[in-house]
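Q: I have a chain open on my screen and would like to talk it through. Could we go over it residue by residue and then as a whole?

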Amino acid sequence: MDRNTALLSGTVLTEPVFSHSVHGANLYTCALGVERLSGTVDRVNLLFSEALLAHMAGRITVRGQIRGYTRQDADKRRLLLMVLVREVSLDAPEDNNVISLRGELVRPVVFRRTPLGREIADLMVKVPRPYSGVDYIPCVVWGRCARFCAHLGRGTMLEATGRLQSREYVKVLDGVQETRTAYELSIGKLTVL
């Protein structure tokens, strides 16, 4: 298993916009909508080179890697998850959202129950990049897997496969409600190495 792979199929939701330049290469971003079986649409941020710009419209399939970027806002630093696109194809017969990674737990696991009583655990996984650097990927696991993960410690190596999901939540700051979007890997299969 590669340390970090992403395979997504869906519909481009936004026009590509210029993001930044790295070593003379222009990079762009757009949002890809990937529908779940429940009908909910996950909004996944894509980051890609100018060479792929002409393919970023309609229904597409992308292959790449999940990346975690930190952005400084006025009140705090925020972790943004994006898929760094390496390949694009114009065939997307059905929506697809598969992320596989291998990494290390970097925080204690937080086990809790939802208001409806479902068990959930929050994990933060550090995934090394191929050449240098690391990505920090927030993950969630459910049910028996969440109970199992509750006993894992920092430094535990694991392999995980799941889907990149987005969810909106309301944050109250100084009495003002603000809608924000959280991104995380919802793990369906987990193996401790």
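Q: Let me start with Arg 67: is it buried or exposed?
A: Please note that this is a predicted model. In it, Arg 67 has a relative accessible area of 5%. The cut-off for buried is under 20%, so Arg 67 counts as buried.

Q: Which strand holds Arg 67?
A: Arg 67 belongs to strand β5, which covers residues 59–72.

Q: And with which side chain does the side chain of Arg 67 make a polar contact?
A: The partner is the side chain of Asp 135, at 3.3 Å.

Q: What else does Arg 67 touch, leaving out residues up to four places away in sequence?
A: Its contacts include Asn 4, Leu 80, Leu 81, Met 82 and Leu 84. Arg 86, Arg 129 and Pro 130 are also among them, as is Asp 135.

Q: Now an acidic residue. Where does Asp 42 lie?
A: Asp 42 is part of strand β4, residues 41–49.

Q: Buried or exposed?
A: Asp 42 is buried, as its relative accessibility is 0%.

Q: Which backbone nitrogen lies 3.0 Å from a polar atom of the Asp 42 side chain?
A: That nitrogen belongs to Ser 166. Ser 166 also appears in the list of residues in contact with Asp 42 once neighbours within four places in sequence are set aside. Arg 163, Leu 164 and Gln 165 are in that list too, and so are Leu 32, Gly 33, Val 34, Arg 36 and Asn 97.

Q: What about Glu 87: in which strand is it, and how much of it is accessible?
A: Glu 87 sits in strand β6, residues 77–89. With a relative accessible area of 47%, Glu 87 is partly exposed.

Q: Which residues is Glu 87 in contact with, beyond its neighbours within four places in sequence?
A: Those are Thr 61, Val 62 and Arg 63. In addition, the C-alpha atom of Glu 87 is 9.7 Å from that of Leu 7, although 80 residues separate the two along the chain.

Q: Changing topic to aromatics. How many aromatic pairs are there?
A: The count is 2 aromatic pairs. One is edge-to-face: the ring centres of Phe 18 and Tyr 28 are 5.7 Å apart and the planes meet at 80°.

Q: Which parts of the chain does that pair tie together?
A: Phe 18 is in strand β2 (residues 17–22) and Tyr 28 in strand β3 (residues 25–35), so the pair joins parts 10 residues apart in sequence. Phe 18 is partly exposed at 46% relative accessible area, while Tyr 28 is buried at 13%.

Q: How are the rings of Tyr 28 and Phe 48 arranged?
A: Their centres are 6.4 Å apart and their planes differ by 20°, so this pair is stacked. Because Tyr 28 lies in strand β3 and Phe 48 in strand β4, the pair ties together parts 20 residues apart in sequence. Phe 48 is buried, with a relative accessible area of 0%. Ring pairs thus link Phe 18, Tyr 28 and Phe 48 into a cluster.

Q: What about the loop between β2 and β3: which residue there has a positive phi?
A: His 23 is found in that loop. Its phi is about 50°, although His 23 is not a glycine. At 83% relative accessible area, His 23 is exposed.

Q: How many residues are in the largest nonpolar core, and which have the most contacts inside it?
A: That core has 39 residues, and Leu 46 and Leu 123 have the most contacts inside it. Setting aside neighbours within four places in sequence, Leu 123 is in contact with residues including Leu 105, Val 109, Ile 137 and Leu 158.

Q: Finally, the whole chain. How many helices and strands are there?
A: There are 1 helix and 12 strands. Their order from the N terminus is β-β-β-β-β-β-β-β-β-β-α-β-β. The radius of gyration is 17 Å, close to the 16 Å that the globule rule gives for 193 residues, so the chain is as compact as a globular protein of that length.

Q: What share of the residues is buried?
A: Buried residues make up 40% of the 193. Of the contacts with a separation of 6 or more, 58% are between residues 24 or more positions apart. The accessible surface comes to about 10900 Å², with 51% belonging to carbon and sulfur atoms.

Methods: Residues numbered from 1 in each chain as written. Predicted model: local features only at pLDDT ≥ 70, side-chain atom pairs only at ≥ 80, totals over all residues. Heavy atoms only, no water. Helix = DSSP H or I, 4+ residues; strand = E, 2+ residues; numbered from the N terminus. Buried < 20%, exposed > 50% of the residue type's maximum accessible area, 1.4 Å probe, protein only. Polar contact = N/O pair within 3.5 Å; in protein donor to acceptor, adjacent residues only side chain to side chain. Contact = heavy atoms within 4.5 Å. Core = buried A, V, L, I, M, F, W, Y, C linked by side-chain atoms within 4.5 Å. Rg over C-alpha atoms; globule rule 2.2 N^0.38 Å. Areas by Shrake-Rupley, 256 points an atom, 1.4 Å probe, with all protein chains shown as cover. Phe/Tyr/Trp six-rings, centres within 6.5 Å; stacked < 30°, edge-to-face > 60°.
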